[in-house]
Amino acid sequence: MQNAIPCLLMRGGTSKGTYFLAADLPADAAARDHALLGIMGSPDKRQIDGLGGAHPLTSKVAVIKKSTRPGVDVDYLFLQVFVDEAKVSSSQNCGNILAGVGPFAIEKGLVQANDGETLVTVYMENTDSIAKQRILTPGGQVQYAGTAAIDGVPGTHAPIMIEFVDVAGSSCGALFPTGNFVDVVNGLKVTLVDNGMPVVMIDARDLGLAGDESIAALEGNADLKKTIEALRLACGPLMNLGDVADQTVPKMTIVSAPKNGGLLNTRSFIPHRVHDAVGVLAAASVATAANIPGAVGHNLANIPSGQRRMCEVEHPTGSMGVEVELDADPKVLVPKSTSIMRTARLLMAGVAYYLG
């Protein structure tokens, strides 16, 4: 028999996924994951028998519930559904899918919208951290149309400003989990950083790359992929993540000098496919590290001035603006806040089915 679960299909930033109320999914984690694999159509490289889009960026899930935490509106759990493996991972957060959490919460009545703009405070379960979203809600309804554009998404939409609060070290225990700005791992100089997403930064030149290679060229380079994966597995324990063989973190980000006046140019393995753009929280980690002398990429970066800095992290389809507010004390490395503008759109509301 087929089982039915209500859901919304939404684009969040440069990702797409299914959004569920936690109460509508099985309470048992194994049963929940079984349902999600069936709904998304995994394991199958085409996900032909489900809602997944045959790519990690379109095989994502948000699970949301009204929060009981003081000052918090909703709790958000992100789940990455693997495409061609029967795996569901909660080991990372997703800032793109996060962009749809506030609109979902309003659409589902978890948050009462104001006339004009509504602030939604989200507790991110994966990383035990807080994000604040400002959503346009004229007449108490979510506005999706607008003039804001983000690279990697066609057209324009209403802006959603997201401020990340206390995300430094949320997965690894510290902004720089090894205590170093640079480490040498497998003979390569790397920066291990976590400002909301565990990221390993590598200078493209150390891999024999220019840094502006196409996604197809990078994914077709078998030797490079072996090197990147071996490096990822070695960096996992150093970042307090343990054995990461079955995890989707850390993200492996190749950096090079900016091509279009931004902070840095990037190519991100997520971890086995190359991101069409760059993850929201990965961009936050890269932008934070690049501003610190001694970190990989700092000597290549176009560093903005001022305590509050808009850093454009370049990627294969454009750039992502990350506003980093530094502490007034230059000895304090953890930024006071990190904010990013995203957009989201409700694509479909209905019922998803899976075989029991």
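**Fold, cores and backbone exceptions in a predicted model**

Me: How many helices and strands does the secondary structure of the chain come to?
Reply: The model is a predicted one. Its chain is made up of both kinds of element, and the secondary structure comes to six helices and 17 strands.

Me: What radius of gyration does the chain have, and how does that value stand against the globule rule?
Reply: For 356 residues the globule rule gives 21 Å, and the value for the chain is close to that, so the chain is as compact as a globular protein of that length. Along the principal axes, the C-alpha atoms fill a box of roughly 55 × 45 × 35 Å. The radius of gyration itself is 19 Å.

Me: What percentage of the contacts in the chain with a separation of 6 or more comes from residues 24 or more positions apart?
Reply: Burial gives the setting: 54% of the 356 residues count as buried. Among the contacts with a separation of 6 or more, the share from residues 24 or more positions apart is 63%.

Me: Which residues touch the most other members of the largest nonpolar core?
Reply: In soluble globular proteins, nonpolar side chains tend to be buried together. Here the largest nonpolar core holds 84 residues, and the two that touch the most other members are Tyr76 and Phe164.

Me: Which helix gives the most to this core?
Reply: The contribution in question amounts to nine residues. They come from the helix spanning residues 280-290, namely H6. Phe164 touches Val280 and Leu281, two positions that fall within the span of helix H6.

Me: How many residues does the other core have, apart from the largest one?
Reply: This second core lies apart from the largest, and its members include Ile5, Ala35, Leu36 and Ile39. Helix H1 covers residues 29-40, a span that takes in Ala35, Leu36 and Ile39. The number of residues in this core is 17.

Me: How far apart are the centres of the positive and negative side chains?
Reply: The chain carries 28 positive and 35 negative side chains. The centres of the two sets are separated by 2 Å.

Me: Which peptide bond is cis with omega near 0°?
Reply: Most peptide bonds are trans. One cis bond, with omega near 5°, runs from Ser42 to Pro43, and Pro43 is in the loop between helix H1 and strand E3. Another leads into Pro271, in the loop between strand E13 and H6. The cis bond with omega near 0° is that from Ile270 to Pro271.

Me: Is Gln47 buried or exposed?
Reply: Gln47 is found in the loop between H1 and E3, and its phi is positive, about 45°, although it is not a glycine. Its relative accessible area is 1%, and because the limit for burial is under 20%, Gln47 is buried.

Me: Is Asn186 buried or exposed?
Reply: Asn186 sits in the loop between strand E9 and strand E10, with a positive phi near 55°. It touches Ala230, Leu231 and Ala234, and its C-alpha is 8.2 Å from that of Ala230, which is 44 residues away in sequence. The relative accessible area of Asn186 is 52%, and because the limit for exposure is over 50%, Asn186 is exposed.

Notes. Residues numbered from 1 in each chain as written. Predicted model: local features only at pLDDT ≥ 70, side-chain atom pairs only at ≥ 80, totals over all residues. Heavy atoms only, no water. Core = buried A, V, L, I, M, F, W, Y, C linked by side-chain atoms within 4.5 Å. Buried < 20%, exposed > 50% of the residue type's maximum accessible area, 1.4 Å probe, protein only. Helix = DSSP H or I, 4+ residues; strand = E, 2+ residues; numbered from the N terminus. Contact = heavy atoms within 4.5 Å. Rg over C-alpha atoms; globule rule 2.2 N^0.38 Å. Lys, Arg positive; Asp, Glu negative; His and termini not counted. Charge placed at Lys NZ, Arg CZ, Asp CG, Glu CD. Lists of a residue's contacts leave out its neighbours within four places in sequence.
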